[in-house]
Amino acid sequence: MSADQLTDSTKDFNERVLDTLEIVAGLQSVSSGSIKNLSVDGVFSIEYKTRQLDFVRQSPRSCYNQATISIGHDNNVTVLSSSDPVDLNGSSDFRKFSKNGCNKSIILRSVSVKGADKRFVEIWDNNRLDKSWEVTDVHGAFYTDECFGGIEWSPSGNYAIYVAEMSEYDSFKPSSSVSGDSKKSVSLKPKLADPRRYNFNEDYGETYNGRLPPVLLLVDLINNTIGPVTGELGNSSNIAPGQPSWITDQNQNELIIFTGYIVEPRRLGLVYCQNRPSYLFACDISGNNLENLTSHSDHSEFNARSPRTTPNGNSIVYLSSSVGGPHAGCTKINLIDFSSRKIVNLVPVVRNQSSALLDASLAEGGSSPDSISADRFPAEFPGVYTLNLPRDPWFSPENSNRLFMFFASIWTSSQVVLALEISTKKISKLSFPSRANCNGFGNMDFLSASQDGTILTIYSNPAQALDLYVGNILHNDESSTSAVSVPKWSKLNLINSNTTASNLISENIDWTVIEYPEKTKFLQTIYSFPKAKADIHKYFKGSSELPPLLVLPHGGPHSTLISGTSLVPTVMTLLGFAVAQVNYTGSLGFGQDSVDELLGKIGKLEVSEIIYVAKDLSETKKLVDGNRMAYNGGSHSGYTGAMLAGQNPGLFKAYVLRNPVINIGEMVAESDIPDWCFEELLYKYNFDMKVTTPNEGPLLHPEVYKAMWDASPMQYVGSVVDPVLLNIGINDQRVPPKQGLQYYRMLFANKNCISDCKVYQNTGHALDSVEAIRESISGFIGFYHKHI
């Protein structure tokens, strides 16, 4: 082949890859939604917020959408109208208030005005701008993330609460001369910076780079003011407030409820970490009468987060995870009766799917098994695995005292919607859409429920792009096995419907979930593969008729890959690969025993299971070409990839590792999660950082460092012979970039393998900027093209 032909072939390949990547990346996701009854019977208004990637602007685009639907007596759904999307550029968050005919919204907005970044808070009344405040000098940037963010109206609608960075302290101001009129001028003397500007203000790690501590901001519509909540809360330097809500006490005083993260002696990384010390607090609107609601001695080993006030205003339901240990695991759901301050467990930690009754009774503090009814949980219930509860999770049937809370939770390789009946503590699992070809698996999330019992959700799977679904909630007799169900789902075809991407996916991808009972009940693989041969497969065509395999485990290690539509697996399957998304032992959604089983065994147990999956697909089931297998992983699965590369030469023909853990001991002083380095190897990490037991963190003793080295891939770097591509986000605070960069230096110096390293600016651990997503994915596809 001539050089010109090679250039043309490479050019054609690059164009086809980028075209496919851009098509799939253009799929919309939904971040929030609501459904409400209108005055006409059977007619509903649906509002939802979509997000998609824009490769041209190199930024994600968020839009507000509205539709009107009708549901007939036969449960058939008709979309009566749908609005054009409204670009939410500059809108950070918004929240509506509807009560007694009053309809108003609060919007947090960040925009550029004459080249300067400005922040505003707006109140809209029935689609009319009623009030607008500039808050640029009141506080810093808004917090809208899952750990701190939140914006909520008080029950009366007289107040609203939100979260933002504290104001930055004054910087040095040099001398200057200010002219008033033609005859006068004023000379200003230099002013030193506020000394507090240089205090050590640690941020909260990954995704919070350089952000100042959060404060609660009160919008007071009675006095027409906005300002920080001060008082006792303002003087409590050890509490970082977030996730605010409201409750009314017995004297009808409106109180602020919030999650308070304990930040001393250091601020550890928060994102993806459910095990951080935190409590629920209450205070009045001045910040006084501060009260810790969850500090009871019998609850000291568990934290509290994501408070949701019940519709009657008497109680708070919240999530509670074990403090310390693995970063994620099975989560409890508790309720606080606000008048008595009594805490009641609604859903316990479940150790094992097959023995939920016994394990639940033990997790509820030693109560007898007889105190937990066997029909409280669905069959094979693994427990609750979710970071936060929905903003509006409630549904109460008309003329009934029954109250249900809906939320999404990981269940093995799926995300399902669960309904918790508060009075009976009974959990119901909603079915997936019957026409979705879901193999019993999928990715469903709850958005909203209307007053008459119509539920709005989203659903996707590897062969079906995401869309909105509605259904009627059937609430059964309290003695029934399932308290609620949705017999029929209707797809609205409002999102990704008949797009090029959705058609490509449905026409070209098939999938299943593979289980391995002969190996362990904690291992599953989401296996997607091409339905039939296509022209685009020619770029990865080998001598065998079988497709090449991409093995794609998750990071964490305590997380889960879900059977939904995901960018990398979708693109790679469309290019002709079979893709194995491996949920190994330690994943969420299989019971707490699965999580705990991996502790002390990282680098061995999950690595052996990844090998088992690859050989099962290539040698036992003979579904893929065993001579053309590739690996792709990031963070902990970058770690497992480096372990595989150093100990299993020839197993995979190419490795792509994103921000991998390479040397655990060296991470301790630099990572925002030093506790991970200890706890995953069964060494305790003390959050108070007090030196008590010699072999406990944060001190790194020689014995502990040796254990970390023995579990680190760096020891095998000289044995790597297969091609390795490293993708590094320079702003990564989770796994320091030095880890991957030093690994690359060693690979390059020893020259036992082909190695390459790409470094992406302005992005961190997830490589989730639009530029990094586009360039890293197209880059590693090209890398596979060279070596497979």
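Here are some short exercises, with worked solutions, on a predicted model of a protein chain.

**Exercise 1. Find the domains and say how far apart the centres of domain 1 and domain 3 are.**

Solution. Start by splitting up the chain. Domain 1 takes in 139-169 + 209-349, domain 2 takes in 500-663 + 717-787, and domain 3 covers 664-711. Now go from centre to centre, using C-alpha atoms: domain 1 and domain 3 are separated by 30 Å.

**Exercise 2. Work out how many residues of domain 1 and domain 3 are in contact, and what area is buried between them.**

Solution. Step one is the head count: 13 residues of domain 1 touch twelve residues of domain 3. Step two is the area. The size of an interface is often given as the accessible area lost when the parts come together. Between domain 1 and domain 3 that comes to about 930 Å², with carbon and sulfur atoms giving 64%. Step three is to see who gives up the most on the domain 1 side: P265, R266 and H327 lead here, and together they make up 44% of what that side buries.

**Exercise 3. Describe the salt bridge and the polar contacts between domain 1 and domain 3.**

Solution. First, the count of salt bridges between the two domains is one. Next, look at R276 and D675: they form a salt bridge, and their closest N and O atoms sit 2.7 Å apart. To pass the test, that distance has to be within 4 Å. Then come the polar contacts, and there are three residue pairs of this kind across the interface of domain 1 and domain 3. Finally, sort the domain 1 residues that touch domain 3: six are nonpolar, five are polar and two are charged.

**Exercise 4. Which residue is joined to P265 by a cis peptide bond, and where does P265 lie?**

Solution. Check the bond just before P265. The partner is E264, and omega of this cis peptide bond is about 10°. As for its place, P265 is in the loop between β17 (254-262) and β18 (278-283). You've met P265 already, as one of the residues of domain 1 that lose the most area to domain 3.

Now try another one. G556 and P557 are also joined by a cis peptide bond, with omega about 10°. P557 lies in the loop between β36 (549-553) and α5 (567-574).

**Exercise 5. Why does the salt bridge of E122 and R109 tie together separate parts of the chain?**

Solution. Begin with the pair itself: E122 and R109 have their closest N and O atoms 3.0 Å apart and form a salt bridge. Then place each residue. E122 belongs to strand β8 (residues 116-125) and R109 to strand β7 (residues 102-113), so the pair links parts 13 residues apart in sequence. For the bigger picture, the structure holds 28 salt bridges.

**Exercise 6. Look around L80: which strand is it in, and which residues does it contact?**

Solution. L80 sits in strand β4 (residues 77-82). Skip its neighbours within four places in sequence, and L80 is in contact with V43, T68, I69 and S70. Now pick I69: it is eleven residues from L80 along the chain, and their C-alpha atoms are 5.2 Å apart.

Key
Residues are numbered from 1 along each chain as its sequence is written. This is a predicted model: local features need pLDDT of at least 70, side-chain atom pairs count only at pLDDT 80 or more; totals for chains, interfaces and linings use all residues. Side-chain values use heavy atoms; hydrogens and water are left out. Domain bounds come from an automatic or database domain assignment. Contact means heavy atoms within 4.5 Å. Buried area is the accessible area (1.4 Å probe) that two parts lose on being put together, summed over both. A salt bridge is a side-chain nitrogen of Lys or Arg within 4 Å of a carboxyl oxygen of Asp or Glu. A polar contact is a pair of N or O atoms within 3.5 Å; within protein, one must be able to donate a hydrogen and the other to accept it, and residues adjacent in sequence count only if both atoms are side-chain atoms. Ala, Val, Leu, Ile, Met, Phe, Trp, Tyr, Cys and Pro count as nonpolar, Asp, Glu, Lys and Arg as charged, and the others, Gly among them, as polar. Helices (H or I, at least four residues) and strands (E, at least two) are DSSP runs, numbered from the N terminus.
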